[in-house]
Amino acid sequence: MEKIKSENESNGFGVKTTTIAKDNQYVINKNRSINRVITSLETKEGEGFIVHRPFPSPSLSELDPFLLLDEMGPMNLKPGEAKGAPDHPHRGFETVTYMLSGKFEHKDSHGNSGKLNPGDVQWMTAGSGVIHSEMPSKDFTDSGGVLHGFQLWINLPKIAKMTNPQYQDIPSSKIPIVKMPDGKGVVRIIAGNAFGTRSVINTKIPILYLHFTIEPGANEVMYPIPNTYNTFAYVISGEGIFGKDKINVKAEQMAIFNKDGEGITIKAVENTKEKLEVLLIAGTPLNEPIVRYGPFVMNTKAEIHQAIRDYQSGRLGMINH
Ligand code: CO
C-alpha cells in the first residue's frame, strides 16, 4: 500500500496516527443485499448488568462462526453501581471484548490478569478451558460513569477446540486506524486486513472485525468481502443505509448480508448531524456441528458432558482471589 498522507489527529481514543489511503478506494461490481435486520433484545448478564443482544435469540441461534454478540450498555452508572461477571468457565470458542467506555479487569484460573480501558481489545481463546472473572475496575466502580462495550463469541474449529488457552490483550494505541478516502470517516482495524492495513491481532480462522466512524455527508463506503464469508453490521449509534437495496438500520440493530455479491456498502442517512458508528464483522463459516450449553460450545453432546464433568471436578482450575 502506498501511504498518500499521514497526519496527527485525535480519534476519541487518544491515538494520534492516521493514514489516508487513496489507493484503497474500492469499487464493487456486485453489492451484497441485506438478508434481514435483527433488533437486539435487552437482557441481563453476570451480576445483572444490562446487555443488548442481537443473537443468540429465538430468531437467530448463531451466524457461523459467530455464536453471540452482546452490547454492554451503554448505561450511565452511579458510584458503586457497576456490576460484572464473577468467576465462570468457557470451553471450545473465543471471547472478544472491545471496550468503548468504562474500565474492566479480568483474572483467570491460569494466573493471567489484565485491564481493559476504553478502546482496548481482549481476544481470549478459551480453547480447552478457563475459569475467569470479568469485573469493573475498582476506580471505575468508585467513580461511576458510562459503561459501553462489546463481547463477541467466535467458534473454534473442531481441531482447535481443545487448544491451550491464549490471550491477546491489545491496548487502544496498538489498533491501526485508517482514514476513509474522502476524509470523512475512520475505521479501526481490530481483526483482518482492510484498506491496505493489517490488524495486530492473529485469528485462528479468517475473521474481519472493523469499527467504522462515518461523518454526516460522507461518501458511501464500499468494501470487498469474500462471498463465502458470513457478514453482518451492527449499528452502535446513528443510522445507516446498507447494501444493494439501501436498507435503513438504526442503533441496537444488526443487518445480515446475503452472500450474493463481492462486497458491501455503508452510508450515513441523509440530513443527519449524528455520526454513524458501525461494527462490520465477517468470518469463514466452519460448517461443523454445534452443541452449546451455556459457556461450553462443542461438536457433540458427549463433549459437552465431558466439559461439565471437567468443570465440576475442578479440572479447569480456580481463580486465586
Ligand atoms: Co467470560
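# Briefing: a cobalt site, a pocket and two open sheets

The cobalt ion is held by four donors, H88 (NE2), H90 (NE2), H132 (NE2) and E134 (OE), at 2.0 to 2.3 Å. The structure is a predicted model. Its largest pocket has H88 and E134 among the residues nearest the pocket centre. Two open sheets are described below, one of 7 strands and one of 4 strands, together with strand 26, which is largely enclosed by the rest of the structure.

**The cobalt site**

- Along the chain, the donors of the cobalt ion follow the spacing H-x1-H-x41-H-x1-E.
- H88 belongs to strand 7 (residues 85-90) and H132 to strand 12 (residues 130-136), so the pair links distant parts of the chain, 44 residues apart.
- H88 and H132 are both buried, which means that each has under 20% relative accessible area.
- The angles among the 4 donor atoms run from 82 to 178°, and the site of the cobalt ion is irregular.
- A tetrahedral site would need all angles to lie between 85 and 135 degrees, so the range of 82 to 178° does not fit that class.

**The largest pocket**

- The volume of the largest pocket is about 340 Å³.
- Its lining is made up of 22 residues, and E45, A85, H88, E134 and Q151 lie nearest the centre.
- Strand 5 (49-55), strand 6 (66-77), strand 7, strand 9 (104-108) and strand 13 (145-155) each give two or more residues to this lining.
- Strand 7 gives the most, with 5 residues.
- H88 therefore has two roles in this description: it is a donor of the cobalt ion, and it is one of the residues nearest the pocket centre.

**The sheet of 7 strands**

- This open sheet has the strand order 4-5-6-13-8-11-14, and its pairing is antiparallel.
- Strand 4 (41-45) and strand 14 (166-170) are the edge strands, each pairing on one side only.
- From one strand to the next, the twist averages 20°.
- Within the sheet, 5 bridges pair strand 8 (residues 93-101) with strand 11 (residues 121-125) in the antiparallel sense.
- W123 in strand 11 is the bridge partner of V96.

**The sheet of 4 strands**

- The second open sheet runs in the order 20-25-22-23, again with antiparallel pairing.
- Its edge strands are strand 20 (221-224) and strand 23 (247-250), and each of them pairs on one side only.
- Neighbouring strands here are turned by 30° against each other on average, direction ignored.
- Strand 20 is joined to strand 25 (residues 263-268) by 4 bridges, and the two strands run antiparallel.
- V221 stands opposite I266 in strand 25.

**Strand 26 and its partners**

- Strand 26 (residues 276-283) is largely enclosed by the rest of the structure, because 8 of its 8 residues are buried.
- In a regular strand, the side chains alternate between the two faces of the sheet.
- In strand 26, L276, V278, L280 and A282 point one way, E277, L279, I281 and G283 point the other way, and all are buried.
- Strand 19 (residues 207-214) pairs with strand 26 in the antiparallel sense over 8 bridges, and L279 is the bridge partner of H211.
- Strand 21 (residues 230-237) also runs antiparallel to strand 26, joined to it by 7 bridges, with T231 opposite A282.

Key: Residues numbered from 1 in each chain as written. Predicted model: local features only at pLDDT ≥ 70, side-chain atom pairs only at ≥ 80, totals over all residues. Heavy atoms only, no water. Pairing = 2+ DSSP bridges. Axes fitted to C-alpha atoms, helices over the stretch in contact; angles between N-to-C directions. Donors = N, O, S within 2.8 Å, 3.2 Å for Na, K, Ca; no water. Tetrahedral: all angles 85-135°; square planar, octahedral: opposite > 155°, others 65-115°. Buried < 20%, exposed > 50% of the residue type's maximum accessible area, 1.4 Å probe, protein only. 1 Å grid on protein atoms, 1.4 Å probe; cavity = no way out; pocket = protein on both sides within 12 Å on 5 of 7 lines; lining within 4 Å. Points joined across faces, edges and corners; volume = space filled by probe spheres on them.
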